[in-house]
Amino acid sequence: MFYNILLSIKLLVFSNIPVKSAQIRRTVSDGNPVKQYIAVVNAKKLDETADIQALIDRAKIGDTVIIGKGDHYVRTLYLREGIHIESRGWLKQLPSDSMVNFSIEKQYSSYPLLYGKNLKDVSLSLKAETRNEAIHLDSCENVKVENSYFKGDFTKVKSFAGIYLLACRGVRIENSKIANYGVPREDTHHYQPGTGIRIQSCQNIQIRDNEIFKNGENGVFFHASKDVELVNNRIHHNGMSGIQIAFGSAGVERNYKIVENRLEENAADGIDINNMNERRLVDLNAHIARNFSKANGWVNGKKTPDGSGIATLVGVSNVMVSDNKSLNNNRPALYIRSCDRIQAQGNEADDFAELVGKNGQVHLKENQLGGLRVLAGMQAEKLMLQSNTIRDISFPSSISVDSLILQENRLHGNIHINMNGLLAFRKNTLSSKSPRGAISIWKVDQAYLEDNDIKASDGNAISIYKEANSILLNKNDISATKACIEDLGSKKLKIVGNRLNYSKLKGSEDAIVAIDPHVLELQSNEYYARGKRTDRSIRLKGSGSVYADGEKLIF
């Protein structure tokens, strides 16, 4: 049976100085007496580093050093394996003899508040105000930081991180606050270093239930790390991204779980996952789910160059992005560049998803998006949109997609198709108020438009241009104020079993207009004319060939 025993045997006192205790709490089973050392604590900012360090050095594995209430002024304390530390007052870091700033070459200081190297089995629960890092762990294992509050120096221009981990395994940071490491960002294009938690070459890291805020740079930064969980954190008002994942040269990054976090008012992206070497995709195996992102990408009401809401994904594969919500962010809600095997499902955003570069397979399913924007020159093996509600879609010229599949979506605006590859457009509802109509197919290698409900209130519903090839329009319900289908000389166009509703109110438009048809086939379509009664539903111009069978004119 284990007992918690506290036994005071020594007290050192300086005259006229309030005394507060620092104790060792030990759990024993052998019944032997337990020593409790009491260090002098004072209100005159005397350096207590030696006293508290002596207490840590005297402790045995499994002991907890408890630092009492009040303010305690220290420089750097060195952790020991198996020795836990708990502060009930505030540790306040005294200035070091030399002032060193953060730089790419020097990413950690020589004078953190707590330093540990090559140790394991340590738990820390602290309140501290620090000039450099609150905690610096190097090659440590099984360390827990919980119920802590770390405040940095918000006047320091190039600040070190609040917590810095290098080559560690099995570190948990829970129920803690980390704030004010670095000056607040004031410029839209410049920021100063200072990260809440900075993690390099680590694995098996858990960051849960924390608040990380008002740091000069990122809330949490990872580099060359794997097996990571960030769950239920509130990360806000940081000078760069809320969460940033950066990549080393070996491509070891994998297994990231980023769920149920609140990412608000960070000056760059909510989540930034950026592999700069886009020629080498990293199989990240990441799940980004149920996060809430709001108002990222702004400084004092002005836009910064970044600010995606749900995530920025560059040069990665095997990522599931599900059930996130994004509001009022500066940049696209979801930004995908040079990626593969990306699935975004059940997300809600008031802004666009954006696709750039050379991608593999991207699947957007059951999302509610302000729009989808594909930039010029984008390439993909397979881009599939399934059961989404999307306000606006932009497919520019010169994209190349082996398979572009849109199925069971609710869409708005004009859809412009000018691409190499296959288009499959099935069971969608599309309405457009654009004078360009609902669908404009300039170029495609092959296309199937089947079982769709397509309405154009100010233009032709479907316009098909000369370079388009091998298109089948099958069993669609098409309505337009002008022509339902306009064929401008495409090759091998088949129009089969469609219901065509067209208007004669705005001129002499017909349900189908074909100019220089190139093997146009019409079969079993039904024509409904609104407005002025007419017996002309098909208008042919120029020269070419048309095959018709079973056409019905219904007035």
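So, strand β19 and strand β22, residues 220-223: these two run parallel, and four bridges join them. Keep in mind as I go that this is a predicted model. If you want one pair to look at, take R198, whose bridge partner in β22 is F221.

Now the other neighbour. Strand β16, residues 163-166, is also joined to β19 by four bridges, and that pairing is parallel too. Here the residue to click on is L165, which stands opposite I199 in β19.

What about the side chains of β19 itself, which covers residues 197-200: which ones point which way? I197 and I199 go one way, R198 and Q200 go the other. That's the usual pattern, since side chains in a regular strand alternate between the two faces of the sheet. And are they buried or exposed? All of them are buried, the arginine and the glutamine included.

Okay, over to another strand, β13, residues 135-138, which is where you'll find H136. H136 has a relative accessible area of 2%, and because the cut-off for buried is under 20%, we call it buried. So who's packed around it? Setting aside residues within four places in sequence, H136 is in contact with Y108, S109, P112, L114, Y115, G116 and Y164.

Hold on to L114 and Y115, because they come back with Y78. Y78 sits in strand β7, residues 77-78. It is 36 residues away from L114 along the chain, yet the C-alpha atoms of the two are separated by 5.8 Å. Y78 also touches Y115, along with Q53 and I56, again not counting residues up to four places away. Unlike H136, which is buried, Y78 counts as partly exposed, with 43% relative accessibility.

Q53 and I56 take us to helix α1, residues 49-58, where both are buried, together with T49, L55 and I52. Look down the axis of α1 and those buried residues fall within an arc of 155 degrees, so they line one face of the helix.

Last stop, the second largest pocket. Its volume is about 360 Å³. How many residues line it? The answer is 19, and R185, H237, N238, E265 and W298 lie nearest its centre. By class, the lining of that pocket breaks down as nine polar, seven nonpolar and three charged residues. If you open the structure, those five residues at the centre, R185, H237, N238, E265 and W298, are the ones to bring up on screen.

Definitions and conventions:
Residues are numbered from 1 along each chain as its sequence is written. This is a predicted model: local features need pLDDT of at least 70, side-chain atom pairs count only at pLDDT 80 or more; totals for chains, interfaces and linings use all residues. Side-chain values use heavy atoms; hydrogens and water are left out. Buried means under 20% relative accessible area, exposed over 50%, partly exposed in between (1.4 Å probe, protein chains only). Contact means heavy atoms within 4.5 Å. On a 1 Å grid over the protein atoms alone, a cavity is a set of points where a 1.4 Å probe fits but cannot get out, and a pocket is an open set with protein on both sides within 12 Å along at least five of seven lines; lining residues have an atom within 4 Å of a point. Grid points are joined across faces, edges and corners, and a volume is the space filled by probe spheres set on the points. Ala, Val, Leu, Ile, Met, Phe, Trp, Tyr, Cys and Pro count as nonpolar, Asp, Glu, Lys and Arg as charged, and the others, Gly among them, as polar. Two strands pair if DSSP finds at least two bridges between them. The arc is that of the directions from the helix axis to the C-beta atoms.
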